[in-house]
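Here is a friendly walk through one model, meant to be read with the structure open beside you. Turn it as you go and follow the residues by number.

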Amino acid sequence: MVESNLAGVASLDISFKAQHLDEFKAPRYLQVVDQVQQFVSKLEGVDKTISLVDFLKDMHQSFHNENPLFYAIPDSTQFISQYLLLYDSDDTEDYINSDYDHARLAVRISVHGTQQQQALIGRIQEMIDQIDHKGLEIRITGDAVELVSVVDAIVESQLYSLALATIVICIIMFLAFRSVSVAALSMLPNLFPIILNFGIMGVLNIPLDTGTALIAAVALGISVDDTIHFLSEYQHQRARGITTREALASVIRIKGRAIISSSLILCIGFGVDVFSRFIPVINFGLLCAIIMITALIGDLVLLPAVMLSGGRREKVQLDQNKSAGS
């Protein structure tokens, strides 16, 4: 409603810092601000721009009988100083400091995705790099820049935390089962729901934020418990001298009910968040519930299927050895 009737609710600021006092009473530096503003205002997704230049143009036109030809920056520092002295309003305080060496261009935008915001910021920065702004330090700041930086940090930390968690769990699995192959095998049912989670987020356009970024780590910590129970019982059954297929059947019969029950309880517990009215909580609950189900599928379907495939290769190798011996 705000964007339809006023302007975009997202904000972007462009800072212009001069080297000396009163520099922004000179037409040359104001022309730089105006050049950037004219470019930014024409970009898709930009709803409104405002700077000190707008106030000066309005005054210059008003002092010339509202002639549209005079809607421009005065070509004299003396004129600009007189206009600013006459205006003497608090309205300009948001766009210029009292020393007139630091100006601000405020931009209201209606693009909310961080990818679109990052693309918009990139186009503005590219334009700034191409123009002559000697004597001015121009920086893009504001809420949109902060949001893009935060999301980049979330993605980076997400990758780092997942990689670290995977390595630590592999090491723990190796120490627990004394087998590199079992440690590597144990990660299949745990990474499966995480990969599926990011795929679902992409399909449903669920953003990666501070809430949804926690899901992968939570899922990895919870789903690995069922995997440990499954593999420990599997090793116990194999120690009895039975085949892979028989061992897996025993594991599913003995541990399957407990794994299913715990997964359903967790799914229901997280699923309650779906009835919230707060979108981030809804997304968190929905994705966690889905992950609990997919983790269950990973432990009781994917993991046994991979192990049976290895068991068949083992059986083929054993039959070949017997044939060679005879």
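Let us start in the loop between strand S1 (10-18) and helix H2 (27-41), which is where Asp-22 is placed. This is a predicted model, and the backbone here is worth a look: the phi of Asp-22 is near 60°, a positive value in a residue other than glycine. Is Asp-22 buried, partly exposed or exposed? Its relative accessibility is 39%, so Asp-22 counts as partly exposed.

A second residue can be read in the same spirit. Asn-205 has a positive phi of about 60° although it is not a glycine. You will find Asn-205 in the loop between helix H8 (188-203) and helix H9 (213-238). With a relative accessibility of 65%, Asn-205 counts as exposed.

Now for the helix packing. At what angle do H3 and H4 pack? The angle is about 95°, and the axes lie 10 Å apart. That makes H3 roughly perpendicular to H4, because angles from 65 to 115 degrees are classed that way. On the H3 side, the contact is made by Leu-52, Phe-55, Leu-56, Met-59 and His-60. H4 brings Ile-80, Tyr-83, Leu-84, Leu-86 and Tyr-87 to the contact. Sorted by class, the contact of H3 with H4 has nine nonpolar residues, one polar residue and no charged residues.

Leu-52, one of the H3 residues in that contact, deserves a closer look. Leu-52 is found in helix H3 and counts as buried, at 3% relative accessibility. Which residues touch Leu-52 once its neighbours within four places in sequence are left aside? They are Phe-24, Leu-30, Leu-84, Thr-92, Tyr-95 and Ile-96. For a sense of distance, take Leu-52 and Val-251: they are 199 residues apart in sequence, and their C-alpha atoms are 74 Å apart in space.

Tyr-83, from the H4 side of the contact, leads us to the aromatic rings. A search of the whole structure finds five aromatic pairs. One of them joins Phe-63 and Tyr-83, a tilted pair with 5.3 Å from centre to centre and 40° between the planes. Why does this pair tie together parts that are 20 residues apart in sequence? Phe-63 lies in the loop between helix H3 (52-62) and helix H4 (77-87), whereas Tyr-83 lies in helix H4. Tyr-83 itself is buried, with a relative accessible area of 5%.

Tyr-83 also pairs with Phe-79: the ring centres are 6.2 Å apart and the planes are at 15°, so this pair is stacked. Both residues lie in helix H4, four residues apart, about one turn of the helix. Phe-79 counts as partly exposed, at 40% relative accessibility. Taken together, Phe-63, Phe-79 and Tyr-83 form one aromatic cluster.

Rings also meet charged side chains in this model, as the table shows.

| Charged residue | Ring | Distance from the ring centre |
|---|---|---|
| Lys-25 | Tyr-100 | 4.8 Å |
| Arg-28 | Tyr-29 | 4.2 Å |

In words, Lys-25 lies over the face of Tyr-100, and the charged end of Arg-28 sits over the ring of Tyr-29.

Two further stops complete the tour. Asp-132 lies in the loop between helix H5 (114-130) and strand S4 (136-141). At 64% relative accessibility, Asp-132 counts as exposed. How far is the C-alpha atom of Asp-132 from that of Val-32, 100 residues apart along the chain? The two atoms are separated by 8.0 Å.

Ile-215 is found in helix H9 and counts as buried, with a relative accessibility of 0%. Leaving aside its neighbours within four places in sequence, Ile-215 is in contact with Asn-197, Asn-283, Phe-284, Leu-287, Cys-288 and Ile-291. Ile-215 and Met-127 are 88 residues apart along the chain, and their C-alpha atoms are separated by 39 Å.

Key
Residues are numbered from 1 along each chain as its sequence is written. This is a predicted model: local features need pLDDT of at least 70, side-chain atom pairs count only at pLDDT 80 or more; totals for chains, interfaces and linings use all residues. Side-chain values use heavy atoms; hydrogens and water are left out. Rings of Phe, Tyr and Trp (its six-membered ring) pair if their centres lie within 6.5 Å; planes under 30 degrees apart count as stacked, over 60 as edge-to-face and the rest as tilted. Helices (H or I, at least four residues) and strands (E, at least two) are DSSP runs, numbered from the N terminus. Buried means under 20% relative accessible area, exposed over 50%, partly exposed in between (1.4 Å probe, protein chains only). A charge sits over a ring if NZ of Lys or CZ of Arg is within 6 Å of the ring centre and within 35 degrees of the ring normal. Axes are lines fitted to C-alpha atoms, for helices over the stretch in contact, and angles run from 0 to 180 degrees between N-to-C directions. Angles under 35 degrees count as roughly parallel, over 145 as roughly antiparallel, 65 to 115 as roughly perpendicular and the rest as oblique. Contact means heavy atoms within 4.5 Å. Ala, Val, Leu, Ile, Met, Phe, Trp, Tyr, Cys and Pro count as nonpolar, Asp, Glu, Lys and Arg as charged, and the others, Gly among them, as polar.
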